[in-house]
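Please take a moment to look over the sequence and the model together before reading on. The paragraphs below go through the structure one part after another.

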Amino acid sequence: MGRKVERVVVPDETILRNATPRTLDRALRGHVFEEPERVGKWMLGWTDGPGLLLHFGMTGFFVWSGDEPVRHRHDRVILELAGGDELRYRNMRKLGGAWLAHDRDEASAILGPLGPDALMISRRDFLERLSRRRGGVKSALMDQSFVAGVGNLIADEVLWQAHLHPKHPVESLTDDERATLYRTMHSVLKGAVERYDYISRKRGWFNRVRGRAEAVCPRCGTPLERITAAGRTTYFCPRCQPASLAVVRPTIRAAAPSPPRDR
């Protein structure tokens with residue numbers, strides 16, 4: 001923030017989604033970065049002119065040249081700043097990308113129908129939007145048009161901390177469960193973005209053991225179970241997050257009828 005762009009270097013032009021390396025360099029060169037914004041999983045790096053939009057995917061992050069003087073082969077976009085420093089967008093798997101936006105209307109078109117940022121949304125707005133949802137609660141959380149920024153690992157963490165089964169129908173949540181869901185989502189996201197090492201190392205959190213062989217619940221010691229929810233591999237504790245009747249009812253209805261008893 002407050003630094004002027006001297007030059008933009010793009011070693012791997014396939015990371016650019018709507019511009020060429022030359023176009024990006026010419027657009028940003030000479031402009032000064034203003035305060036960045038986050039919308040879900042996107043970072044909007046506005047200057048006093050156009051903006052650089054970045055999506056970090058699963059492996060993207062920033063590197064400051066003061067911490068690492070030597071460039072890395074996975075540095076995809078390098079911002080050379082006045083004074084000789086560099087800010088590098090590093091992304092090994094390239095699941096995210098970089099976009100150029102000349103104004104906010106163009107940025108909105110790039111971002112698409114994103115909902116409010118999940119960490120910034122108010123309790124009132126969250127509950128109002130949730131009241132219009134149907135289906136499993138994990139599907140709702142991961143729908144970026146509902147709230148932006150909750151991914152697969154975060155969703156599992158939120159639901160475990162909130163004692164909610166991933167397939168619990170939204171429409172059957174009580175008022176207390178809805179309030180708990182909002183409060184827990186905000187708490188988990190706040191803790192996640194404040195830690196450089198993300199959430200898997202945080203003591204006492206579900207994601208510290210999630211996905212490990214023979215993992216047990218950090219809270220009660222019950223072996224974790226795995227299912228598919230919202231189209232994604234999902235882990236949960238069957239004791240802390242029991243399935244509601246609404247979750248198991250279709251299975252019960254589909255069961256073969258019992259033979260009549262002798263009277």
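Where in the structure is the place of Ala230? In this model, which is predicted, Ala230 sits in the loop that lies between strand S9 (225–229) and strand S10 (232–236). Ala230 is partly exposed, since its relative accessible area is 37%. Leaving aside residues up to four places away in sequence, Ala230 touches Lys138, Ser139 and Met142. One of these, Lys138, is 92 residues apart from Ala230 along the chain, and yet their C-alpha atoms are separated by 6.3 Å.

We can turn next to the sheets. One open sheet is built from four strands in the order S1-S6-S7-S5, and its pairing is antiparallel. Strand S1 (5–9) and strand S5 (60–64) stand at the edges, and each has a single partner strand, so one side of each is left without a neighbour in the sheet. From one strand to the next, the twist averages 15 degrees. Within this sheet, S1 and strand S6 (residues 75–81) are paired in the antiparallel sense over four bridges, and Val8 has Leu79 in S6 as its bridge partner. H1 packs on the sheet, where it touches S1 and S6, and its direction makes about 170 degrees with that of S1.

Another open sheet of four strands has the order S2-S3-S4-S8, again with antiparallel pairing. Here the edges are held by strand S2 (37–39) and strand S8 (97–101), each of which has a single partner strand, so one side of each is left without a neighbour in the sheet. The twist in this sheet averages 25 degrees from one strand to the next. Strand S3 (residues 42–46) and strand S4 (residues 51–55) run antiparallel and are joined by five bridges; in S4, Leu52 is the bridge partner of Gly45.

Helices lie across this sheet too. Helix H1 (residues 21–28) lies across S4 and S8, running at about 50 degrees to S8, while H2 lies across S2, S3, S4 and S8 and runs at about 150 degrees to S8. At the start of helix H2 (residues 104–111), a side-chain oxygen of Asp103 comes to within 3.2 Å of the backbone nitrogen of Asp105, and just after H2, Gly112 takes a positive phi of about 75 degrees.

What lies inside is the next topic. In soluble globular proteins, nonpolar side chains tend to be buried together. In this model the largest nonpolar core has 27 residues, of which Phe126, Val147, Val150, Leu181 and Met185 touch the most other members. Helix H3 (123–130), helix H4 (137–142), helix H5 (152–161) and helix H6 (175–193) each supply at least two residues of this core, and the largest share, six residues, comes from H6. Apart from this core lies another, of 20 residues, and among them are Val8, Ile15, Leu52 and Phe56.

Finally, consider the cysteines. A disulfide is a covalent bond between the sulfur atoms of two cysteines. A search of the whole structure finds zero disulfides, and for Cys220, which is in no disulfide, the nearest cysteine sulfur is that of Cys237, 3.6 Å away. Why is the sulfur of Cys237 not bonded to that of Cys220? The distance of 3.6 Å between the two sulfurs is too far for a bond, because a disulfide requires the sulfur atoms to be within 2.5 Å. As for their surroundings, Cys220 is partly exposed, with a relative accessible area of 27%, whereas Cys237 is buried, with a relative accessible area of 0%.

Note on methods: Residues numbered from 1 in each chain as written. Predicted model: local features only at pLDDT ≥ 70, side-chain atom pairs only at ≥ 80, totals over all residues. Heavy atoms only, no water. Buried < 20%, exposed > 50% of the residue type's maximum accessible area, 1.4 Å probe, protein only. Contact = heavy atoms within 4.5 Å. Polar contact = N/O pair within 3.5 Å; in protein donor to acceptor, adjacent residues only side chain to side chain. Pairing = 2+ DSSP bridges. Axes fitted to C-alpha atoms, helices over the stretch in contact; angles between N-to-C directions. Core = buried A, V, L, I, M, F, W, Y, C linked by side-chain atoms within 4.5 Å.
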